[in-house]
Amino acid sequence: MPITIKNLSKAYGDQVIFEDFNLVLEKNKITGILGPSGSGKSTFLNLCCGLEKPDRGTIIGVNLQTISYIFQEPRLLPWRTIRENLRFVLKQKSIRKAGPHEETINEMLKLVGLDTVGDFYPRELSGGMRQRVSIARAFLYPSELLLMDEPFSSLDLALKNKLMDDFLEIWQHDQRTVIFVSHDRLEIERLSHEILTFSDKPVKIVRSEKMNRETTIKEY
Amino acid sequence: MISTVLENNNKPMLKKVLMKSGVSLFWVLLWALAAQWVNSPLVLPSPLETLKGVFTLAGTSNFYVSIGITLARVFGGVFISVLLGMVLGLVGGLNELFYEIMNPFVTTIKSLPVVSVIILINLWIASGLVPLVVTFLICFPVTWTNVVQGVRSTDLKILEMAKLYNVSKARKIWDIYIPSVKPFGVAALMNAIGLGWKVTVTAEVLANALPSVGMNLYYSKIYLETDLLFSWTLVIVCCSFIIEKTTLYFLKRTDRGGLDQCPLP
């Protein structure tokens with residue numbers, strides 16, 4: 001069953017961002033959203049995960065409790081180690097019941113190439129490594145939907161490419177549904193199966209493109 | 001080669017110690033010169049006479065009993081005020097209604113003159129307990145205000161992340177709010193210790209609390225023993241300094257590597 005966003009409406013005062021906006025997202029695929037800065041891409045993600053309340057609308061096909069998010073900045077707890085930061089999102093009862101997760105954390109750390117720095121504090125890592133922790137945290141959390149808000153935008157080109165490769169490698173493991181927002185077409189093309197282009201406010205989808213995974217993974 | 005590196009690393013530390021000792025020596029010399037110029041131990045005793053006075057006092061049991069009891073009052077008052085200030089400040093920072101209920105009480109205590117509080121409290125309770133209660137009333141608002149401010153300045157982006165990952169309220173308090181509040185709590189504790197000494201000794205004098213350092217100061221003044229008055233003051237300053245440094249030492253020892261964002265003073 002696809003994830004359906006139905007009649008989404010949101011306005012800030014007189015400024016209408018979304019008005020009866022509808023969207024169907026394919027499950028287990030990466031949907032990229034392109035659009036000019038300030039067009040409402042981040043607001044869209046925040047509305048999808050409940051960080052902002054819509055004026056009207058429903059999201060069907062996903063439990064709001066099972067959404068993970070890779071923010072533009074890593075948002076790690078500076079006073080906890082990398083391992084503790086990952087453990088932090090796994091401390092809910094429902095997840096704890098699923099069994100011991102130390103092994104899963106170790107596997108994930110290995111997958112993102114941070115197994116040797118698990119006991120380091122965020123300040124001891126580079127910006128790229130911290131963002132990789134944030135990616136690991138999002139994949140570690142048992143979510144049905146993963147939202148990404150320009151997670152590579154603040155990185156230099158080489159690091160960005162490396163991190164996107166890492167992302168695709170991790171994604172291959174469980175192929176969860178992803179909404180990836182960026183203003184950078186190259187980033188979107190590289191990761192997405194489908195690209196939607198947002199218009200300016202009120203948001204409409206002005207273009208939709210299906211991408212071929214094989215052709216999108218390419219070196220710049 | 002290695003020894004050269006170590007030497008270089010030690011230089012700033014050595015320089016710092018030398019500079020601090022030099023500054024202290026400068027002020028003691030200035031004091032000695034002023035005492036010599038005044039030439040009356042009754043008005044201004046010299047540093048040497050003050051030090052002699054400390055040794056004279058240290059030869060009596062009253063000295064230790066007075067310091068012990070004053071210390072207990074300072075610690076008692078500071079401990080209760082910091083503990084309650086932290087717990088209630090945390091609740092106040094998280095709960096707007098609780099903050100609104102507490103705020104008039106805290107604001108009123110803050111604006112009351114210390115002397116009025118001491119005299120008023122002395123009417124209600126035994127003299128020996130007055131310094132403790134007054135220390136609490138003076139130090140509690142400082143801690144409360146600092147902790148509330150700490151809670152309110154918690155990084156909203158981290159809170160948003162925790163909300164998104166459905167982290168429980170208890171976990172948020174333990175893993176986000178408490179570490180965020182820690183630097184504010186430490187500042188409040190250091191403030192409370194400094195204030196605690198001043199308020200406790202003042203309250204001891206005004207409430208005639210016996211035995212106490214405050215009353216010894218008072219008697220020194222009555223009997224015109226200015227050298228002993230200075231000696232007691234020196235003892236208070238030394239005790240306050242030692243306690244402050246010891247507290248900082250233990251706080252730094254329990255500090256974790258990730259707390260670089262909340263440096264201790």
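Two strands are taken to pair if DSSP finds at least two bridges between them. In this predicted model, a good place to start is the open sheet of chain A, where 3 strands line up in the order β2-β1-β4. The pairing in this sheet is antiparallel. At its edges lie β2 (15-25) and β4 (56-60) of chain A, each of which pairs on one side only. From one strand to the next, the twist averages 15°.

A closer look at one pair of strands helps to fix the picture. Strand β1 of chain A, spanning residues 3-12, joins β4(A) in the antiparallel sense over 4 bridges. Within this pairing, A:Ile5 has A:Ile59 of β4(A) as its bridge partner.

Chain A also holds helix α1, made up of residues 41-49, and this helix is mostly covered, with 9 of its 9 residues buried. Among them are A:Phe44, A:Leu45 and A:Leu47, together with A:Lys41 and the pair A:Cys48 and A:Cys49. After α1(A) comes A:Gly50, with a positive phi near 90°.

Attention can now turn to the place where the two chains meet. Chain A brings 20 residues to the contact, and chain B brings 19. On the side of chain B that touches chain A, the elements giving two or more residues are α7 (156-164) and α8 (169-206) of chain B. Of the elements there, α7(B) gives the most, with 5 residues. By character, the residues on this side of chain B divide into 8 nonpolar, 5 polar and 6 charged.

Key. Residues are numbered from 1 along each chain as its sequence is written. Chains are lettered from A and ligands numbered from 1 in the order in which they are written. This is a predicted model: local features need pLDDT of at least 70, side-chain atom pairs count only at pLDDT 80 or more; totals for chains, interfaces and linings use all residues. Axes are lines fitted to C-alpha atoms, for helices over the stretch in contact, and angles run from 0 to 180 degrees between N-to-C directions. A residue is buried if 20 or more other C-beta atoms lie within 10 Å of its own, exposed if 12 or fewer, and partly exposed in between; C-beta atoms are placed from the backbone. Two residues are in contact if their C-beta atoms, placed from the backbone, lie within 7 Å. Ala, Val, Leu, Ile, Met, Phe, Trp, Tyr, Cys and Pro count as nonpolar, Asp, Glu, Lys and Arg as charged, and the others, Gly among them, as polar.
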